[in-house]
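Me: Could you take a close look at one part of this model for me, the largest pocket? I'd like to know what lines it.

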Amino acid sequence: PGVLEGVALKQPEENRSYGIYLLAGAFFIFLFFYQKNRMEDEGKERNRKLEEDYPVLINKLVLYLGAGINLRKTFQQIAKEYTEDVHAGQIKKRYMYEELVVMVNEMDAGTGEQQAYEAFGYRMEQNSYTKLISLLVQNLQKGNDGLLNALKEEEANAFFLRIDHAKK
């Protein structure tokens with residue numbers, strides 16, 4: 001009806017405003033690229049911290065292996081010290097040590113040493129860690145008595161990498 005109780009009724013015009021849809025679309029596009037950029041930045045930061053921690057790990061391996069502790073117990077000791085320091089609030093969480101704790105937990109849960117080392121190297125996604133894992137797996141497979149010497153050599157290389165990293 002055009003009139004109801006003496007009052008003229010008018011049908012509202014359909015005003016389709018697409019502005020809200022454009023604004024929502026622009027927001028989701030922004031959100032996508034923001035998230036992608038943030039993830040890339042976190043990946044770069046992770047890689048930088050992994051590079052920083054590599055020489056420290058090699059140094060600790062040489063120290064403990066030189067003291068006569070076997071490889072598995074060496075990793076357990078490093079993981080234990082890290083966990084205690086984090087719980088005490090002395091240090092913040094570090095990516096390499098978190099992955100090391102995962103590796104130790106895998107070995108404690110029954111995964112073979114070689115498989116745990118290889119999984120650790122795969123998660124690290126860096127050539128230096130891959131080289132280290134190759135040395136460790138070779139030691140397990142062939143019973144290489146030269147592991148300590150190879151690690152000392154790698155420690156010297158890692159020291160120079162650390163110096164280069166500090167220069168950058």
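Reply: Three helices, α1 (19-66), α5 (127-142) and α6 (147-167), each put at least two residues into the lining of the largest pocket. Helices here are DSSP runs of H or I with at least four residues, numbered from the N terminus. Before going on: this is a predicted model, where local features need pLDDT of at least 70, side-chain atom pairs count only at pLDDT 80 or more, and totals for chains, interfaces and linings use all residues. Residues are numbered from 1 along each chain as its sequence is written, and side-chain values use heavy atoms, with hydrogens and water left out.

As for the pocket itself, that's an open set of points on a 1 Å grid over the protein atoms alone, where a 1.4 Å probe fits, with protein on both sides within 12 Å along at least five of seven lines; lining residues have an atom within 4 Å of a point. The volume comes to about 220 Å³, taken as the space filled by probe spheres set on the points, which are joined across faces, edges and corners.

Of the three helices, α6 gives the most to the lining, with five residues. The full lining is Glu51, Tyr54, Pro55, Gln126, Asn127, Ser128, Ala158, Leu161, Arg162, Asp164, His165 and Lys168. By type, that splits into four nonpolar, four polar and four charged; Ala, Val, Leu, Ile, Met, Phe, Trp, Tyr, Cys and Pro count as nonpolar, Asp, Glu, Lys and Arg as charged, and the others, Gly among them, as polar.

Away from the pocket, Thr74 sits in helix α2 (residues 71-87). Helix α3 (residues 95-108) has 14 residues, and Gly110, which follows α3, has a positive phi near 115 degrees.

Definitions and conventions. Expected span 1.5 Å × (residues − 1).
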